[in-house]
Amino acid sequence: MAEVRDQPLLYPVLSLQMDPALRSPTGRGKGIESIVTERLGRQQEVLASETRDIYEHRAELPTYSGLTHLVVRMFTEDSLAPTHTPDDLFSQRHGCRLVAPLPSGYLIEADVKQLPRLLDAIQRPVGYAVQADISRVSSLERFDAKNRLRGRSVNELWNSAPEDDDGRLFVVWLAPFRDRDAKVEVLERIQGFANERLVLPTFTSVRLTLGTSEKAEEPRALTTPRQSSIARAMRDYRNTGVGRATVRIPNKEGLRQLIASGASYRIDPVRPIRVAAPGEGAEPPAPVIDQNAPVVVVVDGGLHAKSYSAAEAFKATPFVTNAQADKLHGNCVSSLVVHGHAWNNNRLLPELNCRIGSVQAVPHKNANRRFDERELVDYLTEVARLYPEARVWNISANQDGIGLDPSEVSVLGHEISLLARSAGFLPVISVGNVSPDNNSRPNPPADCEAAIVVGGRQALPDGKPGDRCPTCLPGPGPDGMMKPDLSWFSNLRMLGGVVDTGSSYATPLVSSLAAHTFDSLREPTPDLVKALLINSAERSEHDPSLGWGTPYQGHLPWTCAPGSVTLAWRAQLEPGTAYYWNDIPIPPELVRAGKLFGRASLTAVLRPLVSPFGGANYFASRLETSLMYPTGPEKWPSLLGSMKESTLPENDARDELRKWQPIRRHCRDFTKGSGLGFSGAHLRLYARVYMRDLYQFGWTHHSQAGPQEVAFVLTLSSADGEKSIYDSTARALGNFVESAVLNQDIEVSNEI
């Protein structure tokens with residue numbers, strides 16, 4: 001049995017109560033230095049020719065209120081930075097408007113009658129900004145069927161969708177026009193397709209009641225009974241400009257007509273959600289569960305083992321019937337959430353018990369049940385409303401494959417993220433398992449940005465985490481998303497004594513730890529819990545299979561490891577403003593022979609603004625953060641963080657620094673050599689939020705986005721493991737720090 005050495009709760013994580021200083025940096029515009037002069041003349045000719053060709057063939061364009069969609073492609077080597085967005089050339093002054101990001105470019109809404117005005121602007125550009133745009137735009141083309149299909153054929157799209165009674169099932173995203181009259185015409189076209197039965201709606205009317213452990217209430221319909229999916233999408237589109245619906249398309253000809261009409265922006269085949277094979281076995285002895293233990297919502301095949309009924313805090317009205325549900329998998333995952341350590345005493349696992357909220361929503365692979373992402377999300381929305389006390393949701397289920405376009409976030413991943421952000425819970429989702437028909441990328445909804453996505457790893461002979469599990473899928477996710485976030489044992493013993501392998505089983509280990517972290521903190525949020533778990537992981541670099549590692553190294557995330565001190569706090573950051581926490585003390589335990597000597601890590605999780613279209617440039621806001629140390633008057637080099645995100649070429653910053661990913665983790669061991677020379681007594685932490693693609697929200701300035709929430713976790717560690725670093729830091733911060741843990745005061749020793 002692996003020895004578990006939980007540190008007594010003498011050193012709780014500290015909550016920093018310090019206000020930052022603010023500074024508004026000078027913004028950058030498009031000046032003469034932004035023009036790629038050697039390309040300007042050539043690109044004037046290219047773009048003028050393409051614009052002229054589009055105008056000459058304007059009768060072939062699908063138009064709505066005289067508007068059509070065009071694709072702007074950029075020179076990818078230097079032109080993807082937000083500062084090079086071509087909004088001066090493709091502006092309303094020239095009859096254009098940017099509406100959505102695309103891979104290597106942008107989707108624009110163009111007034112067909114005003115294309116000659118755009119042509120004139122290209123041939124006779126006025127001002128440096130327009131010239132800069134021309135020199136950085138590679139091409140201009142129609143947003144045609146080829147673009148809507150994302151490089152697929154109609155046959156490929158049709159064959160990838162599941163069959164229904166009278167057709168196949170697809171998720172249709174309506175074309176993103178900003179103009180009100182154009183949107184009205186899109187809705188009329190979609191309604192016409194429905195009237196002609198070229199596109200058929202689906203219907204949903206899910207009803208839930210409170211589970212048996214709560215006071216019952218009358219069933220409540222989530223939507224108007226038998227509400228058409230098309231009618232609902234039309235209402236959303238009218239109100240927000242974004243609408244998507246699950247529809248049935250009877251035949252390929254109907255699909256072709258929908259694509260050719262220009263009324264759609266994106267079409268995805270509906271994909272069912274599956275679980276890993278669970279195994280079989282006899283039920284274990286009844287677990288002993290503290291009724292005050294935290295609750296994890298288990299979205300799976302339900303809990304059907306009577307011996308575990310005492311661990312069930314609530315049972316939501318099932319989404320799938322008992323005959324359809326994957327009951328064996330639900331039992332196995334539930335047993336690991338409740339007490340995975342009891343089943344696996346040969347693994348280094350914390351002894352944490354949880355209760356569960358059973359959400360029976362995942363069918364077994366042979367169940368004859370139509371799957372509709374929208375219907376499932378409606379159901380989960382009502383579960384969140386009825387049971388708000390459950391702040392962690394375990395989803396050990398995935399859709400097959402990554403989808404037909406790996407650059408796009410799945411419908412289900414996007415919807416679960418929106419729901420989790422709105423309801424305030426933390427999804428913990430399995431990354432998915434290798435199968436013959438996938439291509440080694442995370443399976444949705446493992447592309448949910450709000451979630452902790454969990455990968456698998458093997459166990460070493462001593463019960464500690466080892467190398468990656470070959471059964472579990474690696475990252476990255478769409479748009480370079482750094483998934484998985486964490487990893488843990490995927491080969492485990494569970495209900496019935498079965499031993500099985502898969503990311504389904506690693507996920508409950510993280511879920512239970514996350515639930516106890518929520519339960520232990522004074523002011524928890526999903527992102528703060530996520531930051532603490534990632535901060536507790538052992539890796540300083542993200543690995544596409546292991547993520548940041550395993551969040552348990554013998555001490556719990558809400559405590560400080562021996563010889564270290566951890567500060568955690570949240571902040572609201574206005575985009576475009578630099579924030580400085582200036583007076584973070586340098587503890588004496590971090591100094592040797594007058595130099596900085598030790599280790600430090602900084603984990604920050606941004607609650608990002610995301611694109612409503614789920615495609616390229618999914619993250620519309622990013623965080624830049626660094627811990628700095630003093631070396632002289634007004635000299636603050638970076639101790640943690642490269643500070644190169646805004647200076648490297650955009651492609652390099654994305655590839656090397658994962659510039660637009662919402663998790664920023666910077667680690668450094670400065671025990672090599674003699675240490676780092678410094679001058680002063682304090683560190684300072686810098687943070688700034690940047691925005692991009694504001695046009696897709698109808699904004700013109702980053703201030704319209706409002707403050708962005710960030711969770712920070714900073715750990716300083718003594719090179720010699722001196723426990724006094726905790727007391728000396730707490731003492732130096734004084735009234736600017738308090739315990740982050742419930743019912744736990746800071747106890748500072750007078751001895752150093």
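The following legends describe an overview and several close-up views of a predicted model of one protein chain.

**Figure 1. Overall architecture of the protein chain.** The predicted model contains 15 helices and 39 strands. The C-alpha atoms occupy a box of roughly 80 × 70 × 45 Å along the principal axes. The radius of gyration is 27 Å, in agreement with the value near 27 Å that a compact globule of 752 residues would have. Of the 752 residues, 61% count as buried. Among contacts with a separation of 6 or more, 80% are between residues 24 or more positions apart.

**Figure 2. Surface and charge of the protein chain.** About 29000 Å² of the protein chain is exposed, and carbon and sulfur atoms supply 47% of this area. The chain carries 81 positive and 87 negative side chains. The centres of these two sets of charges lie 2 Å apart.

**Figure 3. Surroundings of E645.** This view is centred on the loop between strand 34 (638-640) and helix 14 (650-657), where E645 is placed. E645 counts as buried because its relative accessibility is 1%, below the 20% limit for that class. The side chain of E645 forms a polar contact of 3.3 Å with the side chain of R664. Neighbours within four places in sequence aside, E645 is in contact with R622, E624, A653, L657, K659, R664 and H666. R664 thus appears both in this list of contacts and as the partner in the polar contact.

**Figure 4. P662 in the loop after helix 14.** P662 belongs to the loop between helix 14 and strand 35 (663-669). The relative accessible area of P662 is 9%, so this proline is classed as buried. When residues up to four places away in sequence are not counted, P662 touches A604, V605, L606, P608 and F619. The C-alpha atoms of P662 and K672 are 30 Å apart in space, although the two residues are ten residues apart in sequence.

**Figure 5. S611 and its polar partner.** The loop between strand 32 (598-606) and strand 33 (621-628) contains S611. With a relative accessible area of 1%, S611 is buried. A polar contact of 2.8 Å links the side chain of S611 to that of Q696. Apart from neighbours within four places in sequence, the contacts of S611 are P101, H414, N617, Y618, Q696 and F697. Q696 therefore figures in the contact list of this buried serine, and the side chains of the two residues make the polar contact.

**Figure 6. Helix 5 and the pairing of N155 with K252.** N155 is part of helix 5. Its relative accessibility of 36% places N155 in the partly exposed class, since that class runs between the 20% and 50% limits. N155 and K252 are 97 residues apart in sequence, yet their C-alpha atoms are 7.7 Å apart in space. K252 and R256 are the residues in contact with N155 once neighbours within four places in sequence are left aside.

**Figure 7. Positive phi values at two arginines.** R150 has a phi near 55°, a positive value in a residue other than glycine. This arginine is in the loop between helix 4 (145-148) and helix 5 (154-160). R197 likewise has a positive phi, near 60°. The location of R197 is the loop between helix 6 (180-195) and strand 9 (200-201). R197 counts as exposed because its relative accessibility is 53%, over the 50% limit.

**Figure 8. Two cis peptide bonds in loops.** The peptide bond between P444 and P445 is cis, with omega about 0°. P445 is located in the loop between strand 22 (426-430) and strand 23 (452-459). The bond joining G475 and P476 is also cis, and omega there is about 0°. P476 is located in the loop between strand 24 (465-468) and strand 25 (486-489).

Methods: Residues numbered from 1 in each chain as written. Heavy atoms only, no water. Helix = DSSP H or I, 4+ residues; strand = E, 2+ residues; numbered from the N terminus. Rg over C-alpha atoms; globule rule 2.2 N^0.38 Å. Buried < 20%, exposed > 50% of the residue type's maximum accessible area, 1.4 Å probe, protein only. Contact = heavy atoms within 4.5 Å. Areas by Shrake-Rupley, 256 points an atom, 1.4 Å probe, with all protein chains shown as cover. Lys, Arg positive; Asp, Glu negative; His and termini not counted. Charge placed at Lys NZ, Arg CZ, Asp CG, Glu CD. Polar contact = N/O pair within 3.5 Å; in protein donor to acceptor, adjacent residues only side chain to side chain.
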